[in-house]
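Reader: I have a structure in front of me and would like to learn how to read a helix and a sheet in it. Where do I begin?

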Amino acid sequence: LSNSQESVIPATPYDTTMDSKDLEDTNPHKIKKTIRNCRYAYNNDGLVQGLILNNTFKANNKWFITFDDPDIEGIMEAKEHIEDKCKEWDLDKRMSEWLIKEQRDGKHFTQKVIKDGTIQLNELAYDGENYDFEIIHDPRTGETLGYKQKYYVDKDYKSWKNKDFDTLNSQTKEYEEANYLPDEIIYGTLFEEDGKGMSLIMPILDDIY
């Protein structure tokens, strides 16, 4: 063993870099890693859609309402209230939609709105581009402080009579912003990396292609 070690010639910088190549140069990405392309793959590739739906059906199955202590006063009324809300929100369908979005897009954002004294759920547009979210964290504690969304709004043609032809047709996209507190948003992911939800489809877009 001693002789073998002595006969090993240390690698030089030239040896280690001579044949090295950048993986991105030798295997360039074919498909942009965007949510739009993930949705396209889901909608147009039967295998991809089948796997996502199979995961969804397995996960969203046989939900039960249980209690640590069924003898607590008013517990059965609470159970009935929860069951009524599940029907009102069509919770099974909504959970399936969330699971599909989490696997396909990596995340979803749902706004909780109080209307007529009850909570209603409002699905918010998200595509990472025209409808993007920034999750605001406290840098010291990591606590979520809120959510800021930018979203595209249609061109305003109300004053079209006062605009000349070229100006009217050269209008670019117009964006607005909305702010949400943490308790206003249901933010769902299956997996996270550096605090960001991860799509199951995005890493394999090239293989799908």
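Author: This is a predicted model. Begin with helix 5, whose buried residues are Val48, Ile52 and Thr56.

Reader: Why do the buried residues of helix 5 line one face?

Author: The general idea comes first. An α-helix has 3.6 residues a turn, so residues three or four places apart point the same way. In this case, the buried residues of helix 5 fall within an arc of 65° when seen down its axis, so they line one face.

Reader: Which residues are exposed on the other side of helix 5?

Author: Gly46, Leu47, Leu51, Phe57 and Lys58 are exposed there.

Reader: What covers the buried residues of helix 5?

Author: The cover includes helix 4 (35-44), helix 7 (91-104) and helix 9 (205-208).

Reader: What is found at the start of helix 5?

Author: A side-chain oxygen of Asp45 comes to within 3.0 Å of the backbone nitrogen of Leu47.

Reader: Now the sheet. What is the order of its strands?

Author: The sheet is open and has 3 strands in the order 2-1-6, with antiparallel pairing. An edge strand pairs on one side only, and here the edge strands are strand 2 (118-123) and strand 6 (185-188). On average, neighbouring strands are turned by 25° against each other, direction ignored.

Reader: How many bridges join strand 1 to strand 2?

Author: Strand 1 (residues 108-115) is joined to strand 2 by 6 bridges. Lys115 stands opposite Thr118 in strand 2.

Reader: Which strands does helix 7 lie across?

Author: Helix 7 lies across strand 1, strand 2 and strand 6, and runs at about 35° to strand 2. Helix 7 is also among the elements that cover the buried residues of helix 5.

Terms used:
Residues numbered from 1 in each chain as written. Predicted model: local features only at pLDDT ≥ 70, side-chain atom pairs only at ≥ 80, totals over all residues. Heavy atoms only, no water. Buried < 20%, exposed > 50% of the residue type's maximum accessible area, 1.4 Å probe, protein only. Helix = DSSP H or I, 4+ residues; strand = E, 2+ residues; numbered from the N terminus. Arc of directions from axis to C-beta. Contact = heavy atoms within 4.5 Å. Polar contact = N/O pair within 3.5 Å; in protein donor to acceptor, adjacent residues only side chain to side chain. Pairing = 2+ DSSP bridges. Axes fitted to C-alpha atoms, helices over the stretch in contact; angles between N-to-C directions.
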